[in-house]
Amino acid sequence: DTEALPSVAVNHAVKFNQEGRHAIVGSSRSAVTGPVALVAAIDATPVIAYMATASSLTDRDTYPTLSRPVVHGAVWMERTVQALIAMGWTRIAIIYLNDAWGRETFGDATSAANAAGLSIVVSSDFNFGDRSSMVNAISKVASSGARITLCLHYAEIATIASIADEYGMVNSGYAWIVAEGGFNENLVSSSPDPGGTLRQLTGWFTTAIDVMYGEQHTRFQRVLESEPLQHYNESVLAGSEFKAGVEGGPCNQYCALIYDSVWTAAIALAQVGVGADGS
């Protein structure tokens, strides 16, 4: 488990290199994947990052052994902006996580908005797990009069929704868009006040480029139901996706990408003659 921290992940990556591991699958966060890929490149260890979307990770000179099955952030932001314009919205606010991924994705969103003629009336960052910084960001949005807010981070939704409620910004006159992902399936059920959390999420929706739809999704779901994935060391952020694979429950786009990443690594290693015991 990287604990979503670059320092922890790098320590693991260094250890893996020393142990002669043949491939790394992960991490789920771009801010963690970048440092891991730099360390892995020292020994030419392949890295497959199933959820890391930062556009900068496409730089092959910097990350020569990194691959990703997920669409990168610039494309995601272009599609998100197109969706907002299709709704008839022309003025938005943006709040974003203050880390490498958040800052870069904010840049992608700004470029996409400028190119499409969408006005960003206010923007503000916030720190992971820091409620006071979230209050500061949302107070700026409230003061600006913006009613459409693009939120570039999905792990703090419950806290942000609660703060927005305090500012009277969760009624029918407001919309909150979470880009790059979706809502945790336990977001409401795990809340101390499920009814209150559900009310606070009124007007929230997510944008995602989901490769799993239609007949393709149906076929994949049948595989999961008949041959459940083995369950190993789930991470905090991807736990529900791994759980879906294990229990044969509904599988979102990240569950599918994790599945693809693991099998890509396994097939590649098999083709070059690496045995199950690492020999």
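This briefing describes a five-stranded sheet, the helices beside it and one buried residue. The structure is a predicted model, in which local features need pLDDT of at least 70 and side-chain atom pairs count only at pLDDT 80 or more, while totals for chains, interfaces and linings use all residues. Residues are numbered from 1 along each chain as its sequence is written, and side-chain values use heavy atoms, with hydrogens and water left out. Helices (H or I, at least four residues) and strands (E, at least two) are DSSP runs numbered from the N terminus.

**The sheet**

- Five strands form an open sheet in the order E5-E4-E6-E7-E8 with parallel pairing, where two strands pair if DSSP finds at least two bridges between them.
- The edges are E5 and strand E8 (204-207), each of which pairs on one side only, and the twist from one strand to the next averages 25°.
- Strand E4 (residues 91-97) is largely enclosed by the rest of the structure, because six of its seven residues are buried; buried means under 20% relative accessible area, exposed over 50% and partly exposed in between, with a 1.4 Å probe and protein chains only.
- E4 runs parallel to strand E5 (residues 119-126) and is joined to it by seven bridges, with Ile-92 having Ile-120 of E5 as its bridge partner.
- Four bridges pair strand E6 (residues 148-152) with strand E7 (residues 175-179) in the parallel sense, and Thr-149 stands opposite Trp-176 in E7.

**Helix packing**

- Helix H5 (residues 131-144) lies across E4, E5, E6 and E7 and runs at about 165° to E5; axes are lines fitted to C-alpha atoms, for helices over the stretch in contact, and angles run from 0 to 180 degrees between N-to-C directions.
- Helix H3 (residues 73-86) packs against helix H4 (residues 100-116) at an angle of about 45°, with the axes 8 Å apart, and the two are therefore oblique to each other (under 35 degrees counts as roughly parallel, over 145 as roughly antiparallel, 65 to 115 as roughly perpendicular and the rest as oblique).
- Residues making this contact include Met-77, Val-81 and Ile-85 of H3 and Ala-109, Ala-112 and Ala-116 of H4, where contact means heavy atoms within 4.5 Å.

**Ile-160**

- Ile-160 is located in helix H6 (residues 157-166) and is buried, with a relative accessible area of 0%.
- Leaving aside neighbours within four places in sequence, Ile-160 is in contact with Ile-95, Phe-126, Met-134, Ile-138, Cys-151, Trp-176 and Trp-204.
- Ala-137 is 23 residues from Ile-160 in sequence, and their C-alpha atoms are 9.6 Å apart in space.
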